[in-house]
Amino acid sequence: MKFTEEHEWLRPEEDEENVVTVGITEYAAEQLGDIVFVELPEEGATVVKEDDVVVIESVKAASDIMAPVDGEIVEVNSALEENPGLVNEDPLGAGWFFKIRVEDMSALDDLMDEAAYKKFI
C-alpha cells in the first residue's frame, strides 16, 4: 500500500493491471468522525491528480477527497451510498471509495509507504 499526505491509501489490484483501489486511512476516518454521506465519482470519468473526486460529509465537517494520481475511474464502491458508515467501520477494507486505472504506475513511487506514513501522522 501507498499513502498520501492527504491521508488517502492506494492499493494496487493484483488481478487487474494498472488498477489501484483508493480509500482513506483509519486516522482520517477517526478525524472526520461519523460519516453520514459519501458522493462518489462517475465510473468512466477521467481525472487528474488533485481533482476533487469524492465528497464526504461527517457529523463534524464536509471534506473533498482528491485524486491521488491521474487515471480513469473504473469502479466505485456503491455500497457507501447506502451505508457511508463503512468508511468508519473498515476504512482499509470495505470502506474503499473507487478504483482507478492509472496511466503511469511509477506515479505511486512518489507516495509514502506505511512506515513513512506512520511517521508522518
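**Note on salt bridges and a buried serine**

1. Glu-13, Glu-75 and Lys-99 are linked in a network of salt bridges. The model is predicted. In total, the structure holds 3 salt bridges.

2. Take the pair of Lys-99 and Glu-13. Their closest N and O atoms are 3.9 Å apart. That falls inside the 4 Å cut-off for a salt bridge. This pair links distant parts of the chain, with the two positions 86 residues apart in numbering. Lys-99 sits in strand E9, residues 98-102. Glu-13 sits in the loop between strand E2 (8-12) and strand E3 (19-24).

3. Lys-99 also forms a salt bridge with Glu-75, where the closest N and O atoms are 3.8 Å apart. Again, distant parts of the chain are linked: strand E9 holds Lys-99, and strand E8 (residues 71-76) holds Glu-75. The two residues are 24 apart in the chain.

4. Is Lys-99 buried or exposed? Lys-99 has a relative accessible area of 12%, so it counts as buried. The cut-off for buried is under 20%. Glu-75 is partly exposed, because its relative accessibility is 31%.

5. A further salt bridge joins Lys-118 and Glu-114. Here the closest N and O atoms are 3.5 Å apart. Both residues belong to helix H4, residues 114-120. They are 4 residues apart, so about one helical turn separates them.

6. How accessible are the two partners in helix H4? Lys-118 reaches 55% relative accessibility and therefore counts as exposed. Glu-114 has a relative accessible area of 45%, so it is partly exposed. As a general point, side chains of opposite charge can pair when their charged atoms come close.

7. Ser-58 deserves a separate look. Ser-58 lies in strand E6, which covers residues 52-58. With 10% relative accessibility, Ser-58 counts as buried, because the cut-off is under 20%.

8. What does the side chain of Ser-58 meet? A polar atom of that side chain lies 2.7 Å from the backbone oxygen of Leu-32. Leaving aside residues up to four places away in sequence, Ser-58 touches Leu-32, Gly-33, Asp-34, Ile-35 and Val-36. Leu-32 thus appears both in the list of residues touched by Ser-58 and in the 2.7 Å approach through its backbone oxygen.

Definitions and conventions
Residues numbered from 1 in each chain as written. Predicted model: local features only at pLDDT ≥ 70, side-chain atom pairs only at ≥ 80, totals over all residues. Heavy atoms only, no water. Buried < 20%, exposed > 50% of the residue type's maximum accessible area, 1.4 Å probe, protein only. Polar contact = N/O pair within 3.5 Å; in protein donor to acceptor, adjacent residues only side chain to side chain. Contact = heavy atoms within 4.5 Å. Salt bridge = Lys/Arg side-chain N within 4 Å of Asp/Glu carboxyl O.
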